[in-house]
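Me: I am new to this structure and should like the terms used for it to be justified one by one. Please set each value against its definition.

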Amino acid sequence: MNRDWIATARTLSEALPYLQRYTGAVVVVKFGGNAMGDDEAMADFARDIVLMRQVGMNPVVVHGGGPMINDLLKKLGIESDWVRGKRVTDKRTVEVVEMVLSGLVNKRIVQAINDQGGRAVGISGKDDDLMVCEADDPELGFVGRPVEMNVQVIRDLYNAGIIPVVAPVATGMNDNETFNVNGDTAAGAIAGALQADRLLLLTDVAGVKNKEGEVITQMTPDEVHGLIADATISGGMIPKVETALKAVEQGVRAVVILDGRVPNACLLELFTEHGAGSMIRS
Ligand code: X2W
């Protein structure tokens, strides 16, 4: 008997308790632009999502696409500034953001999932008023902070066997407003409103690291506050852990920050004892 086949059968067998635990679970997966990689990496991600659906979970994909927005802004000769990890977004920029996120990036992910045999439907925060925003900070222009969530459209989609793929672009309280929403913020707000079982934040770092540079596998919200206070958590990780803390506060059972570039990152987290990345839960 081929050893690889035996190992494959064992792996499947060992996944049983996890498969049972996650039946019907709502898992929001934030797929960041930096985690996307090439077509092969995209296909691997899509296969994981289709597998999650196939074994009875309800995956919901919320994506970013910062690097892809940068590419088009550059081609158009539009400069972009960042303040506290968010893109300063004027009228011209928000048009580009919507084109790239709702168009290019959203449809690339939808297509990749469908190519793996799933049924993906792409929407943005505008569809069915899923996410209604206010201006986050006058300094940032059209950057939105979600103030009203209408997640029934997401439930309707997954209850119909469809995998929702959400672009973080939103409507405002006034007619005709469009807001650019940070992808992590959007994923956290959607996971919170759905009272999701898991929020997986796929990024391009291994997780939250301690002072020795080792990944911290489990943290409570109190421990996270301590790590921010003593500057162990800094820079780009701060908005991520803040999203995680808020999501846990809103009733998400656990948030995991993990490296989306690792092959099968979602499966590793959900279906093995080992897990992946850093988990934040009460
Ligand atoms: C982000 C939206 C995309 C995003 C932006 O304009 O780049 C804000 O900064 P990643 O790939 O997840 O970083 N919005 C307000 O979040 O993309």
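Reply: A polar contact is a pair of N or O atoms within 3.5 Å; within protein, one must be able to donate a hydrogen and the other to accept it, and residues adjacent in sequence count only if both atoms are side-chain atoms. This is a predicted model, in which local features need pLDDT of at least 70, side-chain atom pairs count only at pLDDT 80 or more, and totals for chains, interfaces and linings use all residues. Residues are numbered from 1 along each chain as its sequence is written, and side-chain values use heavy atoms, with hydrogens and water left out.

Me: What makes the approach of Gly66 to the ligand a polar contact?

Reply: A backbone N or O atom of Gly66 lies 3.0 Å from an oxygen atom of the ligand. The limit is 3.5 Å, so the pair qualifies as a polar contact. Polar side-chain atoms of two other residues also lie by ligand oxygen atoms: that of Lys30 at 2.8 Å and that of Asn180 at 2.9 Å. Taken alone, the ligand exposes 440 Å², of which the protein buries 91%; these areas come from the Shrake-Rupley method with a 1.4 Å probe.

Me: Which element gives the most residues to the shell around the ligand?

Reply: Helix H5 does, with three residues. Helices (H or I, at least four residues) and strands (E, at least two) are DSSP runs, numbered from the N terminus.

Me: Why is Asp184 called buried?

Reply: Buried means under 20% relative accessible area, exposed over 50%, and partly exposed in between (1.4 Å probe, protein chains only). Asp184 has 7%, and is therefore buried. Asp184 belongs to helix H8, residues 183-194. Leaving aside neighbours within four places in sequence, Asp184 is in contact (heavy atoms within 4.5 Å) with Lys30, Leu201, Lys240 and Thr243.

Me: How do you know that Asn176 is exposed?

Reply: The relative accessible area of Asn176 is 74%, and the term applies over 50%, so Asn176 is exposed. Asn176 lies in the loop between strand S9 (169-172) and strand S10 (178-180). Although not a glycine, Asn176 has a positive phi of about 70 degrees.

Me: Why is Gln195 called partly exposed?

Reply: Its relative accessibility is 46%, which falls between 20% and 50%, so Gln195 counts as partly exposed. Gln195 is in the loop between H8 and strand S11 (198-203). Gln195 has a positive phi of about 50 degrees, although it is not a glycine.
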